[in-house]
Amino acid sequence: MIQSPKFLVTDKQGKEIPEEELPLFNFLANDGDIHHFLAGYIPSHWHKELEVFLLLEGDIQIGIGDCTYRLHSGDGCFINAEVIHSFTADVSSPCRYRSFVFSPDIIGGMPGSIFDTAYVRPLIETGVSFLKFPKGDEHKFYFQQFDRAFFACASEEYGYEFQIREALSNILLYVTSKSTEITDHSVFLRKENRLKENRLKQMITWIDSHLEQTITVSAIAKAANICTRECQRIFNQYLHYSPIAYVNRKRIYYAAKQLSDTDDPMIMIALNCGYSNPAYFSRQFKEYMGSTPSEYRTAVKESRKSCSAKQRGI
């Protein structure tokens, strides 16, 4: 039940989806390293689920809406549902983490229940978008409950789902109690920011659906019914990239995934990602990834062979 992802997968609406179908118990545990993602970066995304996170090693930056926060080894955090966020490794050494992405229904139960109306809905609709828990005794309870949920998930003993649900419920109550102490209002979901975030989601979704086509700033702006200047402003504010720079990063990201997962010819992958000139695609790929597409594919295959050999004890 614990996975170690290396790519971020999104649906047609731009929302994150797991690499495998989630079971009836809508809960996903991750145990990985930010460096295992392309260029040490998990691109901006969002999901309807809540997320709790623990950085085991390293230093990272988390983009939350138009704000950036730093996490150091031992820090944890909470990310609310539907919040645009990204993760970037801040050091070259390992940036190991664990996280849970889970449906609010696990805690809230049926819509209209006391748990849903008194606790879960208020947090999702008017609560904090992000809350950081620095390592130390002050937030000892958060880390204890996080570990409790993780080890229950790792063991998968009979009834482990109840242990996970109880631990997550305790974390949610802790998040709610700590939210009242916050004086930095930038972490709260604001009506004026929601409009911009929704427009950004519309534009990201449109880009993901048209990567193989010629993309212009005006076409991106049209997807959200805004002018090109506002489009540029929103991308720079929230993602710190121009719209076209974001498109290029996304194209290389998807190209790397195809190089890893398929044996398709380079020219086909280039075309699928919007590059009509294979030579230009190769140059762009090397600029972002530090290697040519063929070198990258070879390295991935060698890495998988090595891991497979270790698993077999060779």
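This passage walks through the sheet, the salt bridges, a lone buried charge and the aromatic rings of a predicted model.

Let's start with the sheet. Strands in a sheet are held side by side by hydrogen bonds between their backbones, running either parallel or antiparallel. Here, 6 strands line up as an open sheet, and reading across gives the order β1-β4-β11-β6-β9-β12. The pairing in this sheet is mixed. At the edges stand β1 (2–3) and β12 (130–133); each has a single partner strand, so one side of each has no neighbour in the sheet. Further in, strand β6 (residues 50–55) and strand β9 (residues 76–79) pair in the antiparallel sense, with 4 bridges between them. To find this pairing in the model, look for Val52, which stands opposite Phe78 in β9.

Next come the charged side chains. The structure holds 11 salt bridges, and three of them are picked out here. In one of these, Glu57 joins Arg96, with the closest N and O atoms 3.7 Å apart. Glu57 sits in the loop between β6 and β7 (59–64), while Arg96 belongs to strand β11 (residues 96–102), so this pair ties together parts of the chain that are 39 residues apart in sequence. Neither partner is hidden away completely: Glu57 is partly exposed at 31% relative accessibility, and Arg96 is partly exposed too, with a relative accessible area of 33%.

Another salt bridge connects Asp208 and Lys250, whose closest N and O atoms are 2.9 Å apart. Asp208 is in helix α5 and Lys250 is in helix α8 (residues 243–261), so the bridge ties together parts that lie 42 residues apart in sequence. Both Asp208 and Lys250 are buried.

There is also a salt bridge between Lys301 and Asp263, at 3.6 Å from N to O. This pair links distant parts of the chain as well: Lys301 lies in helix α11 (residues 293–311) and Asp263 in the loop between α8 and α9 (266–272), 38 residues apart. Lys301 is partly exposed, with a relative accessible area of 40%, whereas Asp263 is exposed, with 63%.

Not every charged residue has a partner like that. Glu197, found in helix α5 (residues 191–209), is buried yet has no salt bridge. The nearest side chain of opposite charge belongs to Lys201, and that is 5.4 Å away. Since a salt bridge needs the nitrogen and the carboxyl oxygen within 4 Å, Lys201 at 5.4 Å doesn't make one with Glu197. What Glu197 does touch, leaving aside residues up to four places away in sequence, is Gly65, Ile84 and Tyr238.

Finally, the rings. The count comes to 18 aromatic pairs. One of them is formed by Tyr142 and Phe143, which meet edge-to-face, 5.3 Å centre to centre and with 85 degrees between the planes. Both Tyr142 and Phe143 are buried. These two rings also belong to one aromatic cluster, made up of Phe27, Phe100, Phe133, Phe141, Tyr142, Phe143, Phe146, Phe150, Phe151 and Tyr174.

Charges turn up around the rings, too. Arg98 lies over the face of Phe150, at 3.9 Å from the ring centre, and Phe150 is one of the cluster members. Over the face of Tyr275 lies Arg251, at 5.9 Å from the ring centre.

Methods. Residues are numbered from 1 along each chain as its sequence is written. This is a predicted model: local features need pLDDT of at least 70, side-chain atom pairs count only at pLDDT 80 or more; totals for chains, interfaces and linings use all residues. Side-chain values use heavy atoms; hydrogens and water are left out. Rings of Phe, Tyr and Trp (its six-membered ring) pair if their centres lie within 6.5 Å; planes under 30 degrees apart count as stacked, over 60 as edge-to-face and the rest as tilted. Buried means under 20% relative accessible area, exposed over 50%, partly exposed in between (1.4 Å probe, protein chains only). A charge sits over a ring if NZ of Lys or CZ of Arg is within 6 Å of the ring centre and within 35 degrees of the ring normal. Helices (H or I, at least four residues) and strands (E, at least two) are DSSP runs, numbered from the N terminus. Lys and Arg count as positive and Asp and Glu as negative; His and the chain ends are not counted. Contact means heavy atoms within 4.5 Å. Two strands pair if DSSP finds at least two bridges between them.
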